[in-house]
Number of protein chains: 2
Amino acid sequence: MVQNEKQLDSQLIYDGKVVKLYKDEVELDNGYKTGREWIKHPGGVCIAAVDEDENVYFVEQFRYPFHTALMEIPAGKLEFGENHRECGIRELKEEIGAEAESFEYLGCLYPTVAYDTEVIHMYLARGLSFGEQHLDEGEFLDVKKIPLEKAFEMVMNNELPDSKTQLAIIKTYIKLKGEK
Amino acid sequence: MVQNEKQLDSQLIYDGKVVKLYKDEVELDNGYKTGREWIKHPGGVCIAAVDEDENVYFVEQFRYPFHTALMEIPAGKLEFGENHRECGIRELKEEIGAEAESFEYLGCLYPTVAYDTEVIHMYLARGLSFGEQHLDEGEFLDVKKIPLEKAFEMVMNNELPDSKTQLAIIKTYIKLKGEK
C-alpha cells in the first residue's frame, strides 16, 4: 500500500545559489518515522526551436558535474513563481537570439522525483526570426543546428543524454510527423 | 565559445543518506573564477517490464518532494560502482516480483545536468515470470499494469511526469512498433 508521508519537522541544511537543501522528519500513515533529504528548486523551461527547414537548435556548454560539454536545447531556470512561458520566450532570445511566432506547450517532466522538486516545462517554438545572443555573465555556449530527423535518431541511439533534450526532441518529432 | 572549467578547490558541504553536496571553486579557460554547487549521485536504473499481452508495469509510491503519489516504472539507486544491469535485474525482482528472460539496454538519461552527476540507465525486460515482491524497509508501493499503447498516450498527454518513466515508455513503444 502507498503510504502518505506527513512532515513533522523541516531543517534548511544549505542555502546555496543553485541548491537549497532541506532535511525533514516525516511520519508515514503506519507510524513509521524516517528522514527525507530534498532540494527545493524553482523549476525550469526548455525550448525545441524548429526552423522552416526543420532544423532544431542546440546549445553546447560545459556541464561541471560531467566534466564535459553537452549538447542541449536552449533552457533556463525560473525565478521562484515566474511564469514558465515568459521565461521560455526570454531564454530563447538570450541563448540563441531567436524570437518565435508560435510557442506551444509540450508538457513537463520531473527529472528527479526522489529528492528534488524541480519541474521542467517544454515548449516547441516555430516561426523563428534571429537577432543577437544576450548571455548572462559567466555563461558561455555555442549554438548549433541539427535536422530534427537526425536529432531524433541521436536520441534513439543514446547520443544526447540530457533528459529534457531527449523528451522535447521526441515529442516534437512525433508532433510534427502527426501534422503531415 | 564553450569554456572548460578546471577544479581549483572542492568542499563537501553535506554528506547525507541520499544527497552528497559539494561546493567547488572553478576557473574557466578565460580566467573567470566562480563557484559550482553539485551533487554526487551513484546513478540509477529503471525498467520497462512488458508482458506477453503488452502491458507495462508501474509502481505507485509517495514522492516526498511533490507531496503526492506518482506512477513510475520500477527503478532503483545503484551502489557506487555497481553494475547497472545487475541492479536492474534485482530491482525488478524486489519491486514487482518479476524475473525476465530478456533484459535489453535502452540507453541512459542525465536528469539534472546543471548540478547533479546522476545518470539513469533504462532497460526493457521481456519474458516475465512472477514471484513475490521483496521491498526494502520503509518502502511502500503498489504495482499496477497498463497497456503499453495507453501508457504511451499518457506520456504524450502529460499524465506521467517522471522523466525516466516517460523516456523508457516512449523508447519501448517505438522499439516494439519497429519489431512488428
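Read along the sequence, chain A of this predicted model runs β-β-β-β-β-β-β-α-β-β-β-α-α. That adds up to three helices and ten strands, with two of the helices, α2 (residues 148-156) and α3 (residues 163-179), packing against each other. The C-alpha trace of chain A spans about 60 × 40 × 30 Å along its principal axes. Of its 180 residues, 42% count as buried. Long-range pairs carry a good share of the chain's contacts: among those with a separation of 6 or more, 61% join residues 24 or more positions apart.

Chain B is next. A turn of 180° with a shift of 0.0 Å along the axis lays chain B on chain A, and the RMSD of that fit is 0.0 Å. This is the relation of a two-fold axis. In chain B, the residue that comes closest to the rotation axis is P111(B), with its C-alpha at 2.4 Å. The two copies use the same surface, as 100% of the contact residues of chain B recur in chain A.

As for the interface itself, 54 residues of chain B are in contact with 54 residues of chain A. On the chain B side, seven stretches of secondary structure turn up with two or more residues each. They are the strands β1 (5-15), β2 (20-28), β3 (33-40), β5 (55-63), β6 (68-72) and β8 (98-109), plus the helix α3 (163-179). Sorted by class, the chain B side has 30 nonpolar, 13 polar and eleven charged residues.

Helix α3 also meets its own counterpart across the interface. The axes of α3(A) and α3(B) come within 10 Å and cross at roughly 45°, so the two helices are oblique to each other. Their crossing is left-handed. Four residues of α3(A) make the contact, namely S163(A), Q166(A), L167(A) and I170(A), and they face S163(B), Q166(B), L167(B) and I170(B) of α3(B). The class count here is an even split, with four nonpolar and four polar residues and no charged ones.

Within chain A, α3 has a second helical partner. The axes of α2(A) and α3(A) come within 9 Å and cross at roughly 130°, which makes this pair oblique as well. The crossing of α2(A) and α3(A) is left-handed. From α2(A), the contact takes in L148(A), A151(A), F152(A) and V155(A). From α3(A) come Q166(A), I169(A), I170(A), T172(A), Y173(A) and L176(A). Eight of these residues are nonpolar, two are polar and none is charged. Q166(A) and I170(A) thus show up in the contact with α2(A) and again in the contact with α3(B).

Chain B gives a matching picture. Its helix α2 (residues 148-156) has an axis that comes within 9 Å of that of α3(B), crossing at roughly 130°, and the two are therefore oblique. This crossing is left-handed too. L148(B), A151(B), F152(B) and V155(B) of α2(B) meet Q166(B), I169(B), I170(B), T172(B), Y173(B) and L176(B) of α3(B). By class, the contact has eight nonpolar residues, two polar and no charged.

Note on methods:
Residues numbered from 1 in each chain as written. Chains lettered and ligands numbered in written order. Predicted model: local features only at pLDDT ≥ 70, side-chain atom pairs only at ≥ 80, totals over all residues. Axes fitted to C-alpha atoms, helices over the stretch in contact; angles between N-to-C directions. Parallel < 35°, antiparallel > 145°, perpendicular 65-115°, else oblique. Left-handed = near helix turned anticlockwise from the far one by under 90°. Contact = placed C-beta atoms within 7 Å. Nonpolar A, V, L, I, M, F, W, Y, C, P; charged D, E, K, R; others polar. Least-squares fit on C-alpha atoms with pLDDT ≥ 70 in both. Buried ≥ 20, exposed ≤ 12 C-beta atoms within 10 Å, placed from the backbone.
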